[in-house]
Amino acid sequence: MAVGTSCLNSGCSGHLLTTLVVSPNKYMPWLAKRFISNCGKSIKRRVESFCEMWDEYDIIVNCTGLSAGQLTGDPSIVPSRGQVMRVDNSSGKHTFAYIDNGTERMPYYIWTPDYTVIGGTKLIGCTDSQVSQNDHDLIIENCSKYFPWLNVVEDRIREEVVGFRPSRPAIRLEEEHICYKGANKWIVHNYGHCAHGIAYSWGSAHVAVELVIDILQRSKL
């Protein structure tokens, strides 16, 4: 597939590939059902501190995303604001990502069977949850410039959303020992994946499980 001539003329670089794509709106409910079917239990409650749970549990696996900053006192985790659009699919089944190092607005698109995601932004520290008209215009402009075959026009836009990624200089995937009322407790931290949460989820979960197993063997809980 040819890349837009404006991209070639500017000397920018990028990647074009056909690969596996996971749609979070389908994948996450599937994971939840799998968890429940394996005797997992889901409890919805607000937690202000890990101390609220130490009387019930000896090991907590902390996968709280952005909330990990408040719960752990970790100042290095900050929101990374993302704004994307979901548009009607065009021809082709490619995932293309163009990244210009140093910019907070990277043109890219991700094809899914139901729609194409186009973006996007990566605004570190920004907490504005409203759709930005400026970002809206830039996304359309950039995608039209670099990916003209997408034919991005207003009447093909299904939805425009803003979300916040848990950004951190590095993923935190480690155990922390806590002494609570004279008893040994542990937190296995697993957060800070930013935009790569789903991509890294199985590998990170595998490491987290290994840490839990190691704690159980050492402590003989």
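Visitor: Rings of Phe, Tyr and Trp (its six-membered ring) pair if their centres lie within 6.5 Å; planes under 30 degrees apart are stacked, over 60 edge-to-face, the rest tilted. How many aromatic pairs does this rule give?
Guide: This is a predicted model, numbered from 1 along each chain as its sequence is written, with local features needing pLDDT of at least 70, side-chain atom pairs pLDDT 80 or more, and totals for chains, interfaces and linings using all residues. Side-chain values use heavy atoms, without hydrogens or water. By the ring rule, the number of aromatic pairs is 4.

Visitor: What kind of pair do Tyr27 and Trp30 form?
Guide: Their ring centres are 6.1 Å apart. Their planes meet at 20°, so the pair is stacked.

Visitor: Where do Tyr27 and Trp30 sit, and about how far apart along the helix?
Guide: Both belong to helix α2, residues 24–37 (helices are DSSP runs of H or I, at least four residues; strands are E, at least two). They are 3 residues apart, so the separation is about one helical turn.

Visitor: Which accessibility class does Trp30 fall into?
Guide: Its partner Tyr27 has a relative accessible area of 14%, so Tyr27 is buried (under 20%; exposed is over 50%, partly exposed in between; 1.4 Å probe, protein chains only). Trp30 reaches 44%. That makes Trp30 partly exposed.

Visitor: What kind of pair do Tyr109 and Phe147 form?
Guide: The ring centres of Tyr109 and Phe147 are 5.3 Å apart. Their planes stand at 70°, so the pair is edge-to-face.

Visitor: How many residues apart in sequence are the parts that this pair ties together?
Guide: Tyr109 lies in strand β5 (residues 105–111). Phe147 lies in the loop between α4 (133–146) and β8 (157–167). So the pair ties together parts separated in sequence by 38 residues.

Visitor: Which residue joins Tyr109 and Phe147 in one aromatic cluster?
Guide: Tyr109 and Phe147 are both buried. The cluster also takes in Trp149.

Visitor: How much accessible area does the nonpolar patch with Met28 have?
Guide: Met28 lies in helix α2 and is partly exposed at 45% relative accessibility. Leu20, Val22 and Ile198 complete this surface patch. Together the four have an accessible area of about 370 Å².

Visitor: What share of the protein counts as buried?
Guide: The secondary structure comprises 5 helices and 10 strands. Of the 221 residues, the buried share is 34%.

Conventions. Patch = residues over 30% accessible without salt bridge, like charges linked within 9 Å, V, L, I, M, F, W, Y side chains within 5 Å. Areas by Shrake-Rupley, 256 points an atom, 1.4 Å probe, with all protein chains shown as cover. Salt bridge = Lys/Arg side-chain N within 4 Å of Asp/Glu carboxyl O.
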